[in-house]
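User: I would like a close look at a single part of this protein, taken slowly and with its surroundings included. Please keep the answer connected, so that I can follow it with the model open.

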Amino acid sequence: MAEFSLIEKYLSRVTGQCEGLELGIGDDCALWQPPAGKQLALSMDTLNLDVHFLACSPAHSIGHKALAVNLSDLAAMGAQPVWCSLALSLPDADELWLAEFCRGFAELAKQSGIALIGGDTTSGPLSITVQVAGLIEPGKALRRSNALAGDLICISDRLGEAACGLDMLLKPLVTDIKQAKPFIKCLEYPNPQLQLGQYLSERAAGHACLDLSDGLASDLAHICRASKVVAEVDLEHFSGEHLPKNLTQQQAYQKQLAGGDDYQLCFTLNASELAAVQRQFPQVQVIGKMRQLASHEVTPHIEWLKNGQAVALQLKGFEHFSK
Ligand SMILES: Nc1ncnc2c1ncn2[C@@H]1O[C@H](COP(=O)(O)OP(=O)(O)O)[C@@H](O)[C@H]1O
Ligand SMILES: Cc1ncc(C[n+]2csc(CCOP(=O)(O)OP(=O)(O)O)c2C)c(N)n1
Ligand SMILES: [Mg+2]
């Protein structure tokens with residue numbers, strides 16, 4: 001099957017509706033009328049074979065994840081998803097693979113109320129790029145630069161399970177498949193925290209926010225730099241009892257703080273907002289506090305604390321091109 005038949009048979013059926021969409025898949029451009037008084041939040045992320053996913057992962061999960069990691073960026077700003085576009089580079093016209101990919105993509109699109117309005121399909125190494133657009137009230141987006149000294153630092157749920165899932169997929173011979181299943185599910189089916197992000201922005205409950213893709217050690221440092229504050233993170237919240245029992249404490253820190261692929265939110269808020277947020281979102285945990293840079297400190301950074309004492313941890317989140 002060739003390009004235009006693939007688009008017609010698979011992609012054009014994903015669609016979904018969104019307000020203001022005058023023309024979707026099928027012409028040179030989509031036509032969409034933005035609603036008056038709203039701001040557009042735009043983001044784009046790519047998934048490449050052997051960089052972001054393995055060939056053994058089901059096509060359904062790759063469709064889900066390609067959209068989920070993008071929705072996670074909308075969640076991190078507090079935006080409501082409205083439309084997306086999809087650029088697909090495929091090594092061959094594998095209809096079974098494409099049907100399953102589209103099913104995974106379409107299920108999440110429907111669940112999160114986002115419409116696929118266009119894209120591009122080419123032959124080449126397997127690679128998937130999604131662009132998402134969301135709507136937000138002007139002034140309400142949760143920026144990385146809005147953390148204040150004194151804010152509590154929170155995460156939307158536990159970390160590290162997806163990174164354990166990746167290890168298990170990479171070492172199939174030593175993996176107990178029954179034990180591995182929930183971890184691999186976290187890796188393959190991230191759950192973008194859209195409701196939480198929108199709650200934090202609409203009620204102005206959150207200050208700074210981002211989604212955890214590369215790992216807390218790397219991502220939280222972006223908030224520190226953008227907001228010019230120091231993050232004090234208590235390691236007691238990272239004992240890792242939800243992770244496989246054979247991990248040492250150091251390995252459990254590595255998975256939770258630098259493993260990546262979590263797609264949870266990390267955000268800061270005033271302590272007075274915490275109880276209301278946790279009533280709505282009971283998985284939210286406080287992991288530390290922001291403080292001002294001391295007079296002798298020049299760079300914003302993260303301090304890892306154990307019983308109030310600084311601990312030196314050599315942690316590095318995921319970074320493309322770094323050896
Ligand atoms: N090739 C590029 N051209 C322009 N901007 C880019 C490019 N790559 C990344 N960016 C921008 O750099 C910032 C950080 O990107 P990234 O780390 O990918 O963010 P995220 O983790 O939210 O996906 C974003 O504002 C993104 O739009
Ligand atoms: C096969 C494979 N190897 C490694 C990883 C781990 N990994 C790859 S990219 C990445 C970080 C997130 O991807 P990136 O392109 O940096 O997304 P962004 O931060 O831009 O949202 C992680 C943790 C993986 N998921 N799959
Ligand atoms: Mg990105």
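Which residues does Ser57 touch, not counting residues up to four places away in sequence?

Analyst: This is a predicted model, and what follows should be read with that in mind. Leaving aside residues up to four places away in sequence, Ser57 touches Ile62 and Glu188. Ser57 itself sits in the loop between E3 and H2, and it counts as partly exposed because it has 16 C-beta neighbours inside 10 Å, where 20 or more would make it buried. As a reference point along the chain, Glu3 is 54 residues away from Ser57 in sequence, and the two C-alpha atoms are 24 Å apart in space.

The two contacts can be followed outward in turn. Ile62 falls within helix H2, which spans 59-77, while Glu188 belongs to helix H5 (residues 177-188), where it is listed among the buried residues together with Phe183, Ile184, Cys186 and Leu187. The cover over the buried residues of H5 includes H2 and helix H4 (161-170), and H2 therefore appears on both sides of this description, as the element that follows the loop of Ser57 and as part of what covers H5.

The wider setting is a protein divided into domain 1 (3-136) and domain 2 (144-310), whose C-alpha centres lie 27 Å apart. Between them, 20 residues of domain 1 are in contact with 19 residues of domain 2. On the domain 1 side, helix H2 and strand E4 (80-90) each supply at least two of the touching residues, and the largest share, 12 residues, comes from H2. By residue type, that side of domain 1 divides into 11 nonpolar, 7 polar and 2 charged.

Ligand 2 belongs to the same picture. Domain 1 and domain 2 both give residues to the shell around ligand 2, so the ligand lies between them. That shell holds 13 residues, and the closest are Leu54, Ser213, Gly260, Asp261 and Phe318; in composition the shell divides into 6 nonpolar, 3 polar and 4 charged residues.

On the side of domain 1, strand E3 (39-48), which comes before the loop of Ser57, is an edge strand, as is strand E5 (115-123), each pairing on one side only. They belong to an open sheet of 4 strands in the order E3-E6-E4-E5, with mixed pairing, in which neighbouring strands are turned by 15 degrees against each other on average, direction ignored. Inside this sheet, E4 pairs with strand E6 (residues 127-136) in the antiparallel sense over 9 bridges, and Cys84 has Val132 in E6 as its bridge partner.

On the side of domain 2, an open sheet of 7 strands runs in the order E8-E10-E7-E11-E9-E12-E13, again with mixed pairing. E8 and strand E13 (309-310) stand at its edges with a single partner strand each, so one side of each is left without a neighbour in the sheet. Strand E7 (residues 152-155) and E10 pair in the antiparallel sense over 4 bridges, with Cys154 opposite Phe267 in E10. H2 packs on this sheet, touching E8 and E10, and its direction makes about 170 degrees with that of E8. H6 also packs on the sheet and touches E8 and E10, its direction making about 155 degrees with that of E8.

Helix H6 (residues 194-202) adds further detail to these surroundings. Its buried residues are Leu194, Leu196, Gly197, Gln198, Leu200 and Ser201, and they pack against H2, E4, helix H3 (95-112), E6, strand E8 (206-211) and strand E10 (265-269). Just after H6, Ala204 takes a positive phi of about 50 degrees.

Further along the sheet, strand E9 (residues 230-234) is joined by 4 bridges to strand E11 (residues 285-291), running antiparallel, and by 4 bridges to strand E12 (residues 302-306), running parallel. Glu232 has Lys289 in E11 as its bridge partner and stands opposite Glu303 in E12. The side chains of E9 alternate, with Ala231 and Val233 pointing to one face and buried, whereas Val230, Glu232 and Asp234 point to the other face and are not buried.

Returning to the starting point, Ser57 is a partly exposed residue in the loop between E3 and H2, and its listed contacts are Ile62 and Glu188.

How values were computed
Residues are numbered from 1 along each chain as its sequence is written. Chains are lettered from A and ligands numbered from 1 in the order in which they are written. This is a predicted model: local features need pLDDT of at least 70, side-chain atom pairs count only at pLDDT 80 or more; totals for chains, interfaces and linings use all residues. Domain bounds come from an automatic or database domain assignment. Two residues are in contact if their C-beta atoms, placed from the backbone, lie within 7 Å. Ala, Val, Leu, Ile, Met, Phe, Trp, Tyr, Cys and Pro count as nonpolar, Asp, Glu, Lys and Arg as charged, and the others, Gly among them, as polar. Two strands pair if DSSP finds at least two bridges between them. Axes are lines fitted to C-alpha atoms, for helices over the stretch in contact, and angles run from 0 to 180 degrees between N-to-C directions. A residue is near a molecule or strand if its C-beta atom, placed from the backbone, lies within 6 Å of it. A residue is buried if 20 or more other C-beta atoms lie within 10 Å of its own, exposed if 12 or fewer, and partly exposed in between; C-beta atoms are placed from the backbone.
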